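Reader: I've got this one open on my screen and would like to talk through its fold and its aromatic rings. Can you take me through it?

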Amino acid sequence: MYSATEDLTLYSGAYEQCRRQGGMVAIPRDEEEQRNLVFLKNCVNNGHPFWLGIKKIAGVWSDDSGTALGNFTSWAPGEPDEDKPCSYIVKGDHEVGERRDNWADAHCLSHFRYVCEIEDVPPSGLTTAMQPDHTAPPGGPTTAVQPDQSVPPGGPTTAVQPDPTVPHGSLTTAMQNDQTVPLGGMTTEVQPDATMPPGIAAQKADDDSGARVATIAGSALASIVLAHVVLAYLYMFG
């Protein structure tokens, strides 16, 4: 993959920028790469040279990794002509004749544009993979009926709730005793007449009690008399 720029820089600047992108200054290795690289640089700017990614090291043209140039070259006529350690691709306009789009040597302090050649696979070897959706269960999304958390296990039930106003331990069944009735059942007692003065009400209660006592005494006397009558009858006719 190629990445071209119109920035003008020294060869060292082009080398550093391409290295940061994970690549190197572009070098065509065969005729097809030469045509592709020339086409790209002319689309960017055909009136200016572009750096070539080879340098002369100890008399041998090599790439930035120190690998010697292979069998393919595309030097312009008369190139390389001097002891210049860097190289470039000649501009693509028609002024230069046969030199157009071919290689030539140059001083490394010249200012040219450049094309970076970047590996298709990043140096880190990172790949992009489709990650599983952790929100869905294995086998794909499903629709499940969730239990009603408000219903106890075993199904809905109806329970008689205890009366929180009754002390703990008093409840034995769902139906509570009538707390308004005293133990032993209901009783009836004579209540004083609230409309009478306290003295009169007390006297009336005493009178009522005396009357009840007299009634009881009269009943006992009558029973004794009756018993004597019965005994006399039995004695006379028995």
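Reader: How many helices and strands does the chain have?
Author: Keep in mind that this is a predicted model. Going from the N terminus, the elements run β-α-β-α-β-β-β-β-β-β-α. The tally for the chain is three helices and eight strands.

Reader: What share of the residues counts as buried?
Author: Buried here means under 20% relative accessible area. The chain has 238 residues, and the buried share of them is 22%.

Reader: Trp75 and Trp103 form an aromatic pair, but of which kind?
Author: The structure holds six aromatic pairs, and this is one of them. The ring centres of Trp75 and Trp103 sit 5.5 Å apart. Planes over 60 degrees apart count as edge-to-face. With 80 degrees between the planes, the Trp75 and Trp103 pair is edge-to-face.

Reader: How many residues apart in sequence are the parts that this pair ties together?
Author: Trp75 is in the loop between strands S5 (60-63) and S6 (86-89), while Trp103 belongs to strand S7 (residues 103-106). Both Trp75 and Trp103 are buried. The pair therefore links parts whose separation in sequence is 28 residues.

Reader: And which strands does the pair of Tyr88 and Phe112 tie together?
Author: This pair is tilted, at 4.9 Å centre to centre and 50 degrees between the planes. Tyr88 and Phe112 are both buried. Tyr88 lies in one strand and Phe112 in another, 24 residues apart in sequence, so the pair ties together S6 and S8 (residues 112-118).

Reader: Which residues form one aromatic cluster with Tyr88 and Phe112?
Author: Tyr88 and Phe112 already pair with each other. The cluster that holds them also takes in Tyr11 and Trp51.

Methods:
Residues numbered from 1 in each chain as written. Predicted model: local features only at pLDDT ≥ 70, side-chain atom pairs only at ≥ 80, totals over all residues. Heavy atoms only, no water. Helix = DSSP H or I, 4+ residues; strand = E, 2+ residues; numbered from the N terminus. Buried < 20%, exposed > 50% of the residue type's maximum accessible area, 1.4 Å probe, protein only. Phe/Tyr/Trp six-rings, centres within 6.5 Å; stacked < 30°, edge-to-face > 60°.
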